[in-house]
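Work through the exercises below with the structure open. Each task is followed by a stepwise solution.

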Amino acid sequence: MGEVVYDMSDLKRARYAVAAVFAVHGAVTGSFATRVPWIQDHASLGAGQLGLALAFPAIGASVAMPLAGRISHTFGARNALRGLISLWTLALILPSLAPNLFTLCLALFTYGATAGMADVAMNALGVEVENRLHKSIMSGLHGWWSAGALIGSAAGTLAAHLGSDARLHHALAAAVLTVLGLAACQWVLDLKPTEDEEPPPRFTLPPRSALLIGAVGFCAVFAEGASLDWSAVYLRDQLGTSAGLAAACTTGFMLTMAVARLLGDTVVNRFGAVRTVRAGGVLAVLGGLLVVVADHPAVAMGGFGLLGLGIAVVVPLCFAAAGRSGPNPSQAIAGVATITYTSGLVAPSAIGTLAQATSLVVSFGLVTVLACGLAVLAGVLRAGDRDRPTVTPVDAAVPDPRP
């Protein structure tokens, strides 16, 4: 087999293509989240039953993510991403079709499994492009995911406002997003394994190199999940705000994270991953302290904004570090993704359980303590850090070592 050569124009095109895939992935999440009340009513579920069902996406993702590396090895990175992103977009249709709790749990397990595998495949390709460009791009890619989620959420909000049937809404959204995802995949890097490269195992525990990196991601995702699910409740119950202002706090948190991720690569390229995460950890701790001591809604909203700013780029940098931490990037990324998805599964219920036993103030005290872990553990990202990267010249050809 001949050596594939990528010039700078190929790499830039691949970067934009992967960014588009991230946006499509996020749009599916946003489209689903806005129609959860419709799905709950359609399946005739109580709050407890819905909470049980909503645990299944994370379970499905955690089970299936280790398979992504094997699929990419078998079919090549581009074909694997084509198939996995299509399965993910089409899985959007399933939850709204479920008539009861059992079928909804099965639908959400499938929804989560396809989400997780597509997540690993697109992050692995993002790391490959980043390595060839010799500069950080992962924060921006996750920023496009957040932007896609906001767009999907806005479209879903409009559909819900118009009273549309979620089955029709999700079928149309799935069709559009599948076409967009397949179009974007046309331009991602077409990486294939060498003839003597051993295929990754179908199922495996996270590699040792991923555990500490995953711990950093765990702290960030715990804070993210707690803030997304409980910030509005915190303002309403602790500070007595209106429902509209409480909802605005959650929206502001999401916007802060999206903007910070889109701009984060500039900071990472200037200061490196370790210093960026340490500084982010300090901001997140300050934000958590403001939330805990807040006696006015503006103070709490500022605290949640600092939390979002502090944790925004952590998960992208964890994926980037995992992709450079060992010989099998997909396996390491799958390990980190499994740990972070677990954190996202645990955080909302942990905050609620602790709040019921004590108070929401104590719950966000725990979030603040975990935010300290970002500053303490940031050094484990050093394997993937670039303090002052040298950008490849525009006219340079970048060889791909894989045939």
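**Exercise 1.** State how many cavities of 30 Å³ or more the structure holds, and describe the lining of the second largest.

Solution.
1. In this predicted model, there are two cavities of 30 Å³ or more.
2. The second largest cavity encloses about 30 Å³ of space.
3. Its lining consists of Phe32, Val36, Ile39, Leu50, Ala53, Leu54, Leu104 and Leu108.
4. Sorted by type, these lining residues give eight nonpolar, no polar and no charged.
5. At least two lining residues come from each of helix 2 (36–42), helix 3 (47–53) and helix 8 (101–133).

**Exercise 2.** Give the volume of the largest pocket and the make-up of its lining.

Solution.
1. The volume of the largest pocket is about 2,100 Å³.
2. Its lining has 49 residues, and Thr29, Ala33, Leu228, Asp229 and Gly344 are the ones nearest the pocket centre.
3. By type, the lining of the largest pocket splits into 27 nonpolar, 18 polar and four charged residues.

**Exercise 3.** Decide whether Leu177 is buried or exposed, and find its contacts beyond the neighbours within four places in sequence.

Solution.
1. Locate Leu177 in helix 10, which covers residues 166–185.
2. The relative accessibility of Leu177 is 10%. The cut-off for buried is under 20%, so Leu177 counts as buried.
3. With neighbours within four places in sequence set aside, Leu177 contacts Val24, Ala27, Val28 and Thr89.
4. Take Ala27 from that list: Leu177 and Ala27 are 150 residues apart in sequence, yet their C-alpha atoms are 7.9 Å apart in space.

Terms used: Residues numbered from 1 in each chain as written. Predicted model: local features only at pLDDT ≥ 70, side-chain atom pairs only at ≥ 80, totals over all residues. Heavy atoms only, no water. Helix = DSSP H or I, 4+ residues; strand = E, 2+ residues; numbered from the N terminus. Buried < 20%, exposed > 50% of the residue type's maximum accessible area, 1.4 Å probe, protein only. Contact = heavy atoms within 4.5 Å. 1 Å grid on protein atoms, 1.4 Å probe; cavity = no way out; pocket = protein on both sides within 12 Å on 5 of 7 lines; lining within 4 Å. Points joined across faces, edges and corners; volume = space filled by probe spheres on them. Nonpolar A, V, L, I, M, F, W, Y, C, P; charged D, E, K, R; others polar.
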